[in-house]
Protein chains: 2
Amino acid sequence: MIKFSLCPRYEIAFELLGKKWTGLIIRSLLDGPKRFSALSEIIPHMSAKVLADRFKELERLGIIVRNVYPETPVRIEYCLTEKGKALQPALDEIQKWAENWITLDPP
Amino acid sequence: MIKFSLCPRYEIAFELLGKKWTGLIIRSLLDGPKRFSALSEIIPHMSAKVLADRFKELERLGIIVRNVYPETPVRIEYCLTEKGKALQPALDEIQKWAENWITLDPP
DNA sequence: ATTATATGTTACATAAAGTAACTAGATTAT
DNA sequence: ATAATCTAGTTACTTTATGTAACATATAAT
């Protein structure tokens with residue numbers, strides 16, 4: 001009997017996207033480079049601790065780069081790489097799905 | 001100043017996909033209905049506890065249905081709804097991204 | 001020296017996931 | 001009748017991930 005199994009690359013992709021906040025961080029950065037404080041405002045329920053963790057992991061995986069501008073006060077921007085930008089079609093499809101199938105609770 | 005913010009439906013979509021194992025479970029079910037033990041074999045590192053939790057949540061969200069066949073021994077199948085099947089394009093794009101950008105460690 | 005600002009870090013608390021043993025209900029074997 | 005088997009979970013307990021709020025560091029302006 002042939003056993004169905006998942007693609008290992010797909011599994012690795014979901015080690016990333018299957019973590020809380022990651023999909024929101026990357027989508028925010030598709031809009032353009034952003035700094036730490038800006039991301040914190042865009043995703044207010046995410047703690048600074050987790051944002052720092054995610055930035056480190058995304059940088060390690062080559063999905064974002066950290067750019068330091070020694071102004072005053074210092075400005076640090078996080079920017080998607082080609083690998084990161086290449087996630088846009090996938091995240092756009094999730095957006096489409098959400099618009100078609102998610103109903104918001106009435107306020 | 002206009003503040004960039006994320007689509008609430010997209011955020012809800014990632015409350016789902018941003019949980020460990022969810023993306024793998026749904027992708028497996030796109031292949032056809034499957035039972036508890038089959039999923040456990042397809043995703044061997046996932047515990048039965050979490051699989052039971054995910055099945056309950058996915059059913060609550062209307063993404064899967066649980067079908068009971070009173071054979072002997074009992075057979076229970078989990079099957080994607082239209083809402084669940086509609087995730088296929090998104091997961092296919094993640095698959096494409098993974099094939100283009102994820103390199104596997106050499107064995 | 002004091003203040004201000006951005007970018008984080010740290011210590012501690014709670015929630016989520018992992019592990020391994022166990023349960024329930026329905027056959028089937030002894 | 002009792003024990004063994006099978007699927008589909010559950011339970012008690014441990015470990016990991018995330019949340020919270022206070023603190024640290026670097027730079028420059030006052």
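This is a short conversation about reading a predicted model of two protein chains with two DNA strands.

Visitor: Where should I begin with the contact between the chains, and how many residues does each one bring?

Guide: Let's begin with the general idea. The size of an interface is often given as the accessible area lost when the parts come together. In this model, chain A brings 43 residues to the contact and chain B brings 43 residues. About 4100 Å² is buried between the two chains, and carbon and sulfur atoms give 77% of that area. On the side of chain B, the residues that lose the most area to chain A are Arg9(B), Tyr10(B) and Trp97(B), which together make up 18% of what that side buries.

Visitor: Thanks! Now the sheet in chain A: in what order do the strands lie?

Guide: A general point helps here. Strands of a sheet pair through backbone hydrogen bonds, either parallel or antiparallel. In chain A, 3 strands make an open sheet in the order β1-β3-β2, and their pairing is antiparallel. β1 (34-35) and β2 of chain A are the edge strands, each pairing on one side only.

Visitor: How many bridges join β2 to β3 in chain A?

Guide: There are 6 bridges between β2 (residues 64-69) and β3(A). To find one of them, look for Val68(A), whose bridge partner in β3(A) is Ile76(A). A hairpin of 5 residues leads from β2(A) to β3(A).

Visitor: And which residue is the bridge partner of Arg35(A)?

Guide: That partner is Glu77(A), in β3(A). The pairing of β1(A) with β3(A) is antiparallel and has 2 bridges.

Visitor: What can I look for among the strands of chain B?

Guide: Start with β1 (residues 34-35) of chain B, which is joined to β3(B) by 2 bridges in the antiparallel sense. Here Arg35(B) stands opposite Glu77(B). Next, β2 (residues 64-69) of chain B pairs with β3(B) over 6 bridges, again antiparallel. In that region Tyr69(B) is found opposite Arg75(B) of β3(B), and a hairpin of 5 residues joins β2(B) to β3(B).

Visitor: Is β3(B) mostly covered or mostly exposed?

Guide: Mostly covered: 5 of the 6 residues of β3(B) are buried. While you look at this strand, keep one general idea in mind. In a regular strand the side chains alternate between the two faces of the sheet.

Visitor: Let's turn to the DNA. Which residues come nearest to DNA strand C?

Guide: A good way to read such a surface is to ask who is there, what kinds of residue they are, and which part of the DNA they meet. Around DNA strand C there are 18 residues, and the nearest are Ser37(A), Arg66(A), Tyr78(A), Lys49(B) and Arg54(B). By kind, the surface near this strand has 8 nonpolar, 3 polar and 7 charged residues. From chain A, α3 (36-42), α4 (48-60) and β3 (75-80) each supply at least two residues, as does α4 (48-60) of chain B.

Visitor: And which part of DNA strand C do they meet?

Guide: Of the atoms of DNA strand C within 4 Å of the protein, 73% belong to sugar or phosphate, and the rest belong to bases. You can pick out some individual contacts with phosphate oxygens. The side chain of Arg66(A) has an N or O atom 2.7 Å from one, for Arg54(B) the distance is 2.8 Å, and for Trp21(B) it is 3.2 Å.

Visitor: How many residues surround DNA strand D?

Guide: There are 19, and the closest are Lys49(A), Arg54(A), Thr72(A), Arg66(B) and Tyr78(B). They divide into 8 nonpolar, 3 polar and 8 charged. Of the atoms of DNA strand D within 4 Å of the protein, 77% are sugar or phosphate atoms.

Visitor: Which contacts could I find on DNA strand D?

Guide: Try Lys56(B), with a polar side-chain atom 3.0 Å from a phosphate oxygen. Arg35(B) places a polar side-chain atom 3.0 Å from a sugar or linking oxygen. Val74(B) uses a backbone N or O atom instead, 3.4 Å from a sugar or linking oxygen. The elements giving two or more residues to this surface are α4 of chain A, together with α3 (36-42), α4 and β3 (75-80) of chain B.

Key: Residues numbered from 1 in each chain as written. Chains lettered and ligands numbered in written order. Predicted model: local features only at pLDDT ≥ 70, side-chain atom pairs only at ≥ 80, totals over all residues. Heavy atoms only, no water. Near = heavy atom within 4 Å. Polar contact = N/O pair within 3.5 Å; in protein donor to acceptor, adjacent residues only side chain to side chain. Helix = DSSP H or I, 4+ residues; strand = E, 2+ residues; numbered from the N terminus. Nonpolar A, V, L, I, M, F, W, Y, C, P; charged D, E, K, R; others polar. Pairing = 2+ DSSP bridges. Contact = heavy atoms within 4.5 Å. Buried area = accessible area lost by both parts, 1.4 Å probe. Buried < 20%, exposed > 50% of the residue type's maximum accessible area, 1.4 Å probe, protein only.
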